[in-house]
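Work through the exercises below with the sequence and the 3D view open. Each task is followed by a solution in steps.

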There are 2 protein chains.
Amino acid sequence: MADKKWPGCAKSLKGVILDMCGVLYDSGEGDGVAIPGSVEAVRKLKTSDLQLRFCTNETQASREKFVAKLGRLGFDICVPEVFSPAPAVVAVLKERGLRPHLLVYDGLLPEFDTVDKTNPNCVVIGDAAEKFSYANLNDAFRVLIGLEKPLLFSLGQGRYYKETDGLKLDVGVYMKALEYACDLKAEVIGKPSPMFFQSVLNDMGLQPHEVLMIGDDLVNDVGGAQHCGMKGVQVRTGKYRPSDERHPTVATDGTVDNLAQAVDMILNQRN
Amino acid sequence: MADKKWPGCAKSLKGVILDMCGVLYDSGEGDGVAIPGSVEAVRKLKTSDLQLRFCTNETQASREKFVAKLGRLGFDICVPEVFSPAPAVVAVLKERGLRPHLLVYDGLLPEFDTVDKTNPNCVVIGDAAEKFSYANLNDAFRVLIGLEKPLLFSLGQGRYYKETDGLKLDVGVYMKALEYACDLKAEVIGKPSPMFFQSVLNDMGLQPHEVLMIGDDLVNDVGGAQHCGMKGVQVRTGKYRPSDERHPTVATDGTVDNLAQAVDMILNQRN
């Protein structure tokens with residue numbers, strides 16, 4: 001029974017999924033900064049017998065640019081290892097014949113190059129940051145309210161994240177704004193959507209109980225992974241706040257100081 | 001029994017409360033435009049035996065400037081007849097010793113001249129329109145999340161309103177955004193808060209059943225007034241939409257084309 005608990009459960013793991021912002025690095029001006037020990041921790045996981053994937057709600061850059069940035073911070077990561085909401089929503093749009101009005105960061109636009117955006121019949125919002133001006137949000141609102149059946153896709157539903165100069169409002173805040181304005185419920189693409197986690201598990205070919213998620217977001221990383229049957233461990237970096245440890249509905253399987261500590265604990269259990 | 005229904009109920013009325021934007025005028029560039037027949041309708045009510053008050057969630061200008069604008073559109077209205085959220089929240093702030101961080105339209109700032117705004121321990125948001133930039137909303141968020149007990153006042157909770165060039169997002173949308181970001185519930189000052197309507201009734205010295213509210217906002221004007229025991233009639237001007245007439249939870253006592261028609265129906269019943 002002890003082996004079902006953290007860190008004993010690490011003995012039977014076959015894969016690990018890592019959140020990126022707040023776990024690997026803190027975003028901010030330029031490329032942001034790597035969190036101490038995280039570059040080495042990723043290297044250790046890659047040389048272990050564990051499968052490794054990265055799962056992010058990052059929507060400010062295409063995966064190519066995002067992975068290149070992480071490379072400059074010292075991380076050895078390649079594009080197919082990274083799961084992010086933009087490619088997922090593009091697949092949904094094409095499958096359902098939808099033409100989006102986009103309210104996303106400029107850097108994400110290349111992901112939508114192959115999507116028909118004329119005469120929009122839905123709205124897609126990502127973490128648009130400064131592009132969440134009153135005028136742009138109003139434009140998105142007018143598209144929605146003009147549709148017979150307003151349809152909003154939100155790339156994640158985070159409340160806020162931490163950059164080097166402080167906390168920043170995330171896309172979920174603007175999702176709630178448009179939900180209220182149009183009296184609708186958005187479809188969330190990204191964490192904590194079970195469909196999104198499942199696509200990562202499918203890619204690994206593993207069952208949920210064989211996989212551990214490590215993130216800084218208690219609700220979307222830890223709670224989302226647990227909801228799918230995975231274990232979830234929270235790091236005390238990124239957007240972590242002490243009040244997370246007495247959250248009314250989500251309890252982690254474990255809390256660690258940072259990714260380096262989590263990886264050392266996992267690998268110690270397995271040796 | 002027929003006299004409890006609109007327009008028969010007008011026989012026993014002692015007072016009328018009018019919403020302003022969307023009933024008297026449509027806002028937009030410059031002063032906006034008076035809705036046809038509304039100037040004359042206000043004049044007729046003023047020369048009747050009915051008491052008349054105005055109740056608005058307008059928070060883009062001080063009451064003085066707002067009343068001056070309506071004067072330019074032809075309306076004979078004076079400041080003490082107008083009830084708006086800013087003076088109401090100032091009273092609450094002073095009573096509770098609160099120091100606000102303000103996210104409001106520049107034109108509203110004079111209403112807060114007498115309020116201590118140093119070292120804020122709460123946030124007040126109004127209809128800030130273009131001032132609802134990402135940076136400004138993030139500043140308000142950081143004040144809230146830095147407080148031990150975050151406290152948000154919202155001057156109204158409207159979803160949107162109509163200007164001459166189209167629908168515009170209202171303060172309620174940003175209230176929901178900050179509520180979600182900080183996991184809190186805002187205190188709404190203005191319609192449909194029962195306390196706000198009651199302050200108008202107190203000023204008139206009337207009981208709720210003696211008063212009719214006329215507005216273009218089904219939920220905040222009509223529903224809010226009905227919740228206090230008043231009658232509520234909706235005009236088909238301003239933000240009115242045909243779907244309002246099959247709303248799942250709010251049913252008007254009557255629906256009229258515009259204020260002019262409502263006033264003629266009221267006065268016809270009384271002659």
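**Exercise 1: A backbone angle in two chains**

B:D183 is exposed, with a relative accessible area of 62% (buried means under 20% relative accessible area, exposed over 50%, partly exposed in between, with a 1.4 Å probe and protein chains only). This is a predicted model, in which local features need pLDDT of at least 70, side-chain atom pairs count only at pLDDT 80 or more, and totals for chains, interfaces and linings use all residues. Residues are numbered from 1 along each chain as its sequence is written, chains are lettered from A and ligands numbered from 1 in the order in which they are written, and side-chain values use heavy atoms, with hydrogens and water left out.

Task: find where B:D183 lies and give its phi, then do the like for A:D183.

Step 1. B:D183 sits in the loop between α5 and β11 (187-189) of chain B; helices (H or I, at least four residues) and strands (E, at least two) are DSSP runs, numbered from the N terminus.
Step 2. The phi of B:D183 is near 55°, a positive value in a residue other than glycine.
Step 3. In chain A, A:D183 has a positive phi of about 55° and is likewise not a glycine. A:D183 is in the loop between α5 and β11 of chain A, and at 63% relative accessibility it counts as exposed.

**Exercise 2: The contact of chain B with chain A**

Task: describe the interface by residues, area and polar pairs. Which elements of chain B give two or more residues to it?

Step 1. Count the residues: 29 from chain B and 29 from chain A take part, where contact means heavy atoms within 4.5 Å.
Step 2. Take the area. The size of an interface is often given as the accessible area lost when the parts come together. Here the two chains bury about 2,800 Å² between them, 62% of it on carbon and sulfur atoms (buried area is the accessible area, 1.4 Å probe, that two parts lose on being put together, summed over both). On the chain B side, B:Y134, B:L169 and B:Y180 lose the most area to chain A, together 32% of what that side buries.
Step 3. Look for pairs. Between chain B and chain A there are 0 salt bridges, a salt bridge being a side-chain nitrogen of Lys or Arg within 4 Å of a carboxyl oxygen of Asp or Glu. There are 16 residue pairs in polar contact (both at pLDDT 80 or more); a polar contact is a pair of N or O atoms within 3.5 Å, where within protein one must be able to donate a hydrogen and the other to accept it, and residues adjacent in sequence count only if both atoms are side-chain atoms.
Step 4. Assign the elements. Two or more residues come from each of α4 (134-145), β9 (160-163), β10 (166-169) and α5 (171-182) of chain B. The largest share, 7 residues, comes from α5(B).

**Exercise 3: Two domains in chain A**

Task: where are the domain bounds of chain A, and what lies between the domains?

Step 1. Domain 1 covers 12-83 + 191-270 and domain 2 covers 85-189; the bounds come from an automatic or database domain assignment.
Step 2. Taken over C-alpha atoms, the centres of the two domains of chain A are separated by 24 Å.
Step 3. In chain A, 21 residues of domain 1 are in contact with 20 residues of domain 2. The area buried between these domains is about 1,900 Å², of which carbon and sulfur atoms give 54%. A:T59, A:Q60 and A:K239 supply 35% of the area that domain 1 buries against domain 2, more than any other three residues.
Step 4. Across this domain interface the rule finds 0 salt bridges and 6 residue pairs in polar contact (both at pLDDT 80 or more).

**Exercise 4: Salt bridges in chain A**

Task: how far apart are the closest N and O atoms of A:D264 and A:K44, and of A:E179 and A:K176?

Step 1. For A:D264 and A:K44 the distance is 2.8 Å. A:D264 is in helix α8 (residues 259-270) and A:K44 in helix α1 (residues 38-46), 220 residues apart.
Step 2. For A:E179 and A:K176 the distance is 3.7 Å. These two are 3 residues apart in helix α5 (residues 171-182) of chain A, so about one helical turn separates them. A:E179 counts as buried at 9% relative accessibility, whereas A:K176 is partly exposed at 24%.
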